Every structure is written in C-alpha cells, then in structure tokens.
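Welcome! Here is a set of exercises for getting to know a new structure, each with a worked solution. Try each task before you read on.

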Amino acid sequence: MREPVITVQGLRCAYGSFEAVRGIDFEVGQGELFALLGTNGAGKTTTLEVLEGLRPPTGGAVRVFGLRPDADRARIRPRTGVLLQDSGASGELTVLETLRLWASLTSRPSDVDEALVALDLVGKSGVRVNRLSGGERRRLDLAVATLGGPELLFLDEPTTGLDPESRGRTWDLVEKLVAGGTTVVLTTHYLEEAERLAHRLAIMHEGRVAVSGAVVDVLAREASRIGFDRPEGLIAAELPAVSGAIDPDEFAKGRVEIRTRALQDDLALLLAWAGARGERLTRLRAHHASLADVFHGVRDQVVAA
Ligand SMILES: Nc1ncnc2c1ncn2[C@@H]1O[C@H](COP(=O)(O)OP(=O)(O)OP(=O)(O)O)[C@@H](O)[C@H]1O
C-alpha cells in the first residue's frame, strides 16, 4: 500500500457507558478510496467523526497526515473536505452565495464556476438552498466539500437520496478526484457504489471490523452463485454432481441455489444436464460474488453466532 494518510489502531469510542466502536484497525493509503461499510449503528459515523477531529477517541491511536485529529484539527482541516450526512448549508443563501461563502472560508484556491459545472448546478446558481430538491442539495454539499480540491475527502453517504443519474454523475466526479490523487474515505449503504469505487474496504458490525481488505480479495474469498427455479418434481439426487453446495432450504422452497468456487465448470455441467433432459431452466442466474453477498455473509454469521 502507498504511504498511509490515515492510520487507525485499536480505536475505541464510547458514548457514556455504551461503546460504539470497540477496537478497530485500518489504514488508508495516499490516493486510495477506502469504503467504510456496515450495518445500521455499526459505528461508521462515529469513526468518521473521530477521523475528522470532531470527537476524541476513548482508546487507541488515530493519525491523519501523521497528526492527531483531535489535537491537530487546525492543521488537518485545511487539507480535507468533509461531506456530512446532514448538510450545514444555510437555507436563505442561494447556491452561488453558498459556494462563494465556502470558497472564502477555505484556504485553498477555489473555482466556484468549475464546482457549479462539475455538480450540474449551473442552472440552480440563483436558487435559494431551501428551495432545492433533496438531490440538488446533496450535490451542493458535495460541491462545497470538494471546493479547491482537498487532499483528503470524507464522504458520509454522498449519494443518499439521489436518483440513478445524479448518483452516476457523483461517481464520475469521485472517480475523477481519485484519479487526480485525492484520498477518499467513503461510507455508503449502496454496496454497488463501494464495489465500483473502492480500492479497499472494511465492513463494520456492532463496533468491530468483520471483514476488511482489497475489494478484489474480499470478493475472491466469497463463493460464486448459480440459481434457477427447481423444475417440477425434481429431487436433489437427479441433479448433476456439481462441486458447489446446494442450499437445502431454498431447494425445499422451490429454487435450486448453489454456492460454488467453480462457477464456469458447474454452470457448464448444469446446462449440459438440462439440455440432455430437454429442461428449460427458468429464472437462471449465474454470477460472481458481489459485495451484497459478502455483506449478507457478515450478517448471517452474526445471526448464527
Ligand atoms: N450521541 C450519541 N449518544 C449515544 N449513542 C450514540 C450517539 N451517537 C451514536 N450513538 C450510537 O452509537 C452507535 C453507532 O452509531 P453510528 O452513527 O456511528 O453508526 P453508523 O454505522 O454510522 O450507523 P448508520 O449506518 O445507521 O448511520 C449506534 O448504536 C448509535 O445509536
């Protein structure tokens, strides 16, 4: 990994007697997009708040640019952009006034016109913030966070409430920033967003990291899936000898669901078998593991534990 911009070692953070973050470790390298994922209440926002210097940790060590965020916030802040879950923009100002105000507050040279174009807000520049739609307001928040090209960008659920087109536009912008060398820490509940954008990730659950690593490695550890509706009257013994495991609960419910490490071989076997029987496999799906599969695996392990 490239030189770390963020290091987190044994981080703990409590609200009174409730420990929201229970000893987590991760690093974020320069120019990397790191996704912090997890179930509701897992501790992602709390972790981000510690990294942003808004909340002191109750245990462990956190460094951003080699500095302590709680003690050195004044030195870290000019180098970072922050998109919080709740926007702090005043509703009475127009879009243009908001961007100009933030541009005057940041120590980085900022091009307001460029920000308007990048977030597709040119047509809204004279509109008061409290008249914007939820998605437009989210785009304005992102424009503010990225003014002047920060070295490090925190994005807390940047595309919540955006329609698919706006989400795609946001992804393009984030990809462009990362290509330009910006380091990004992203939290999101949209797993396809993390899968598309992130280099590495951590999945948190109840204050701990359940899964972490490079996205390609995390996905490679998870089995692929094949599924189709169980043909009328089929019993399990009639299926060909695939190497993957057939889910007995799904089979009983009328669906053949197979988790396999040999997707192509097992699929070929099943198609040859179906062809020989003259069987049409309905609602056939075959795919490599997605982050959604990994995420459900985390949840299922916890339920089973
Ligand atoms: N100010 C607070 N006082 C007490 N408990 C809090 C406070 N803020 C958060 N918590 C609790 O800490 C836990 C972690 O919250 P946090 O907001 O960090 O989770 P999250 O992973 O961001 O969740 P979500 O995905 O739902 O936004 C939750 O159980 C939450 O209820």
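**Exercise 1. Find how many bridges join E1 to strand E4, and in which direction the two run.**

Solution. Begin with strand E4, residues 59–64: five bridges join E4 to E1, and the two run antiparallel. For one example of such a pair, look at Val8, whose bridge partner in E4 is Val62. Keep in mind throughout that this is a predicted model.

Next, turn to E2. Strand E1 covers residues 4–15, and nine bridges join E1 to E2, again antiparallel. Val8 has a bridge partner here too, namely Phe26 in E2.

Finally, look at the link between E1 and E2. They form a hairpin with two residues between them. Gly16 sits in that turn and has a positive phi of about 60°.

**Exercise 2. Work out which residues surround the ligand, and which elements supply them.**

Solution. Start with the list: the residues around the ligand are Tyr15, Phe18, Ala20, Gly38, Asn40, Gly41, Ala42, Gly43, Lys44, Thr45 and Thr46.

Then assign them to elements. Strand E2 (18–29) and helix H1 (44–51) each give at least two residues to this shell. The largest share, three residues, comes from H1.

Last, sort the shell by class: four residues are nonpolar, six are polar and one is charged.

**Exercise 3. Put the strands of the six-stranded open sheet in order and find its edges.**

Solution. The order is E5-E6-E7-E3-E8-E9, and the pairing is mixed. At the edges stand strand E5 (80–83) and strand E9 (208–214); each has a single partner strand, so one side of each is left without a neighbour in the sheet. From one strand to the next, the twist averages 15°.

Now zoom in on one pair. Strand E6 (residues 152–156) and strand E7 (residues 183–187) run parallel and are joined by five bridges. Among the partners, Leu152 is matched with Thr183 in E7.

To finish, add a helix: H5, residues 134–146, lies across E5 and E6 and runs at about 165° to E5.

**Exercise 4. Describe the four-stranded open sheet and the helix that packs on it.**

Solution. First, the order: E11-E12-E10-E13, with antiparallel pairing. The edge strands are E11 (245–246) and E13 (285–287), each of which pairs on one side only.

Second, take the pair E10 and E13. Strand E10 spans residues 224–229, and three bridges join E10 to E13. Within this pair, Gly227 stands opposite Arg285 in E13.

Third, bring in helix H10 (residues 263–277). H10 packs on the sheet, touching E10, strand E12 (255–260) and E13, and the direction of H10 makes about 20° with that of E10.

Fourth, check the length of H10. At 1.5 Å a residue, the 15 residues of H10 should span 21 Å. The end C-alpha atoms of H10 are 21 Å apart, which agrees with the expected span. After H10 comes Gly278, with a positive phi near 70°.

**Exercise 5. Find the domains assigned to the chain and how many Å separate their centres.**

Solution. The assignment gives domain 1 as 4–219 and domain 2 as 223–288. Taken over C-alpha atoms, the centres of domain 1 and domain 2 are separated by 42 Å.

Key
Residues are numbered from 1 along each chain as its sequence is written. This is a predicted model: local features need pLDDT of at least 70, side-chain atom pairs count only at pLDDT 80 or more; totals for chains, interfaces and linings use all residues. Two strands pair if DSSP finds at least two bridges between them. Two residues are in contact if their C-beta atoms, placed from the backbone, lie within 7 Å. Axes are lines fitted to C-alpha atoms, for helices over the stretch in contact, and angles run from 0 to 180 degrees between N-to-C directions. The expected span of a helix is 1.5 Å times one less than its number of residues. A residue is near a molecule or strand if its C-beta atom, placed from the backbone, lies within 6 Å of it. Ala, Val, Leu, Ile, Met, Phe, Trp, Tyr, Cys and Pro count as nonpolar, Asp, Glu, Lys and Arg as charged, and the others, Gly among them, as polar. Domain bounds come from an automatic or database domain assignment.
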